[in-house]
Structures are given as C-alpha cells and as structure tokens.
Amino acid sequence: MNFLAHLHLAHLAESSLLGNLLADFVRGNPYEQWPTPVADGILMHRRLDAMTDSLPEVQEARPLFRPETRRVAPITLDVVWDHFLARHWATIHPEISLAAFSRFAEQRVVPQMAGTPESFQALNAVMWRERWFEHYADPARMARVLSGMAQRRPRLAALRDSYQDFIDHYDQLETLFFRFYPRLMALANEGKL
C-alpha cells in the first residue's frame, strides 16, 4: 500500500491519519517518541504493509514483472494499488469524492506536523500542494511517480522501467486489486488491521 490506501484504510479504521502517513519515516518503538494515537497509527501502517506483502494476490502479481524489474515489484505494486484505488474511488468510497477526501486528510495531517522529520514535512508540502491523490487515477501519472522515486533513489533505478510491466499487465493487476482490497476495507471497518 502507498499513501492513499494507507490514509483510506486508516480513515475506515478510525486510526490516526498522521501516524499512518508518518510510519515510513519512523524507526523503532513509536511509543517512545509519539503520542499513543499516532504511535497506534504507525503500528497499523506496519501491520498493513506486512499483511499486504503476504497476500496471495500480491504474490500472484510479482511474477508479472520482468526479471530486470522483479526486484522492485513490491514498491511498484504499492504505487499501482494506489492508482486503482484512485481510479475507482467513486465506486469504492462513494460517500465522499477523492478531492474532498484528500482535503479532509490534509486538514487532519498538516496541523499535527510540528516535530515530524524534515523529510516528512517536505514530502507533505509537495504532496498536498500538487494534489497527488487526485492525479493517481491517470495511468500516465504513475510513470512520473515511479521515475521520481527512481531518481531520488538510484539503487532503485529499475522502478522507472517497471512502469512498462504495470501497463503490460494492467487488467490482471486491476483484477488482483479488486480481489484483495475489499477484504482490507472490511478488516479496517471491523478494527482488525
């Protein structure tokens, strides 16, 4: 899962949006440095990442990537799942538009960012200003996202090429998304994530 899915599932689970968004920027025991609701959200994010990586649908998706991009498939898939969530948002969460949800999340996260890592603050400054989530629905935007990630982390240069795997197996990946994401939503609604 990437940013949008983490925020969506956190919202359904009534978990801290800040904690769920911040998790990749925090190491160690979050209770030592964050208030309990934020730390709970960080741990939810970590559980969700572990759960998603082990899902049979995600395991089925990885071989769709070529040998030269398979190493970065888990990262690409996280971005791909956000694409499908954004693309089908009106069906998945019809109660609120994606643009309205994005504004809602921004209003919850931004006022709490004091004391968060500078890299997290920099990411947020760009993410909300450029309205990332609303653009995720466009498959071509995923090329830009993956290229940007590859540029920031040269060891992951294969991310740029993994866009082709996404396009080549678009329908299969979309089917896999719809096989597992409703289960995650149900778990979130039941407070079991």
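The following paragraphs go through the fold of one protein chain, from overall dimensions to single residues.

The model is predicted: local features are reported only at pLDDT of at least 70 and side-chain atom pairs only at pLDDT 80 or more, while totals for chains, interfaces and linings use all residues. Residues are numbered from 1 along each chain as its sequence is written, and side-chain values use heavy atoms, with hydrogens and water left out.

The secondary structure comprises 12 helices and zero strands. Helices (H or I, at least four residues) and strands (E, at least two) are DSSP runs, numbered from the N terminus. Read from that end, the order of elements is α-α-α-α-α-α-α-α-α-α-α-α.

The chain has a radius of gyration of 16 Å, which agrees with the value near 16 Å for a compact globule of 193 residues. This radius is taken over C-alpha atoms, and the globule rule is 2.2 Å times the number of residues to the power 0.38. Along the principal axes, the C-alpha atoms fill a box of roughly 45 × 35 × 30 Å. Of the contacts between residues at least 6 apart in sequence, 67% join residues at least 24 apart; a contact here means heavy atoms within 4.5 Å.

Accessible areas come from the Shrake-Rupley method with a 1.4 Å probe, and for residues only the protein chains shown count as cover. The accessible surface comes to about 9,200 Å², with 53% belonging to carbon and sulfur atoms. Buried residues make up 50% of the 193 residues. Buried means under 20% relative accessible area, exposed means over 50%, and partly exposed lies in between (1.4 Å probe, protein chains only). As for charge, the mean positions of the 21 positive and 23 negative charges are 4 Å apart. Lys and Arg count as positive and Asp and Glu as negative, with His and the chain ends not counted; each charge is placed at NZ of Lys, CZ of Arg, CG of Asp or CD of Glu.

Helix 1 is mostly covered, with nine of its 10 residues buried. Those residues are Phe3, Leu4, Ala5, His6, Leu7, His8, Leu9, Ala10 and Leu12. Just after helix 1, glutamate 14 takes a positive phi of about 55°, although glutamate 14 is not a glycine. The residue sits in the loop between helix 1 (3–12) and helix 2 (17–22), and counts as exposed because its relative accessibility is 74%. Arginine 131, in the loop between helix 8 (118–129) and helix 9 (132–135), likewise has a positive phi, near 55°.

Helix 1 also supplies partners for histidine 93, which is found in the loop between helix 6 (89–92) and helix 7 (98–109). Not counting residues up to four places away in sequence, histidine 93 touches His8, His11 and Leu12. Its side chain makes a polar contact with the side chain of histidine 8 at 2.9 Å. A polar contact is a pair of N or O atoms within 3.5 Å; within protein, one must be able to donate a hydrogen and the other to accept it, and residues adjacent in sequence count only if both atoms are side-chain atoms. Histidine 93 counts as buried because its relative accessibility is 8%.

In helix 8 lies asparagine 124, which counts as buried because its relative accessibility is 1%. The side chain of asparagine 124 reaches the backbone oxygen of phenylalanine 120 at 2.8 Å. Beyond four places in sequence, asparagine 124 touches Leu21, Val109 and Met113.

Towards the C terminus, helix 11 (residues 158–168) has Ala158, Leu159, Ser162, Tyr163, Asp165 and Phe166 buried. An α-helix has 3.6 residues a turn, so residues three or four places apart point the same way. The buried residues of helix 11 pack against helix 5 (73–87), helix 10 (139–152) and helix 12 (170–189).

Arginine 66, in the loop between helix 4 (56–61) and helix 5, also meets this region. Leaving aside neighbours within four places, arginine 66 is in contact with Asp161, Ser162, Gln164 and Asp165. Arginine 66 and aspartate 161 are 95 residues apart in sequence, and their C-alpha atoms are 9.5 Å apart in space. At 28% relative accessibility, arginine 66 counts as partly exposed.

Phenylalanine 180 lies in helix 12 and is buried, with a relative accessible area of 0%. Phenylalanine 180 and proline 56 are 124 residues apart in sequence, with 8.7 Å between their C-alpha atoms.
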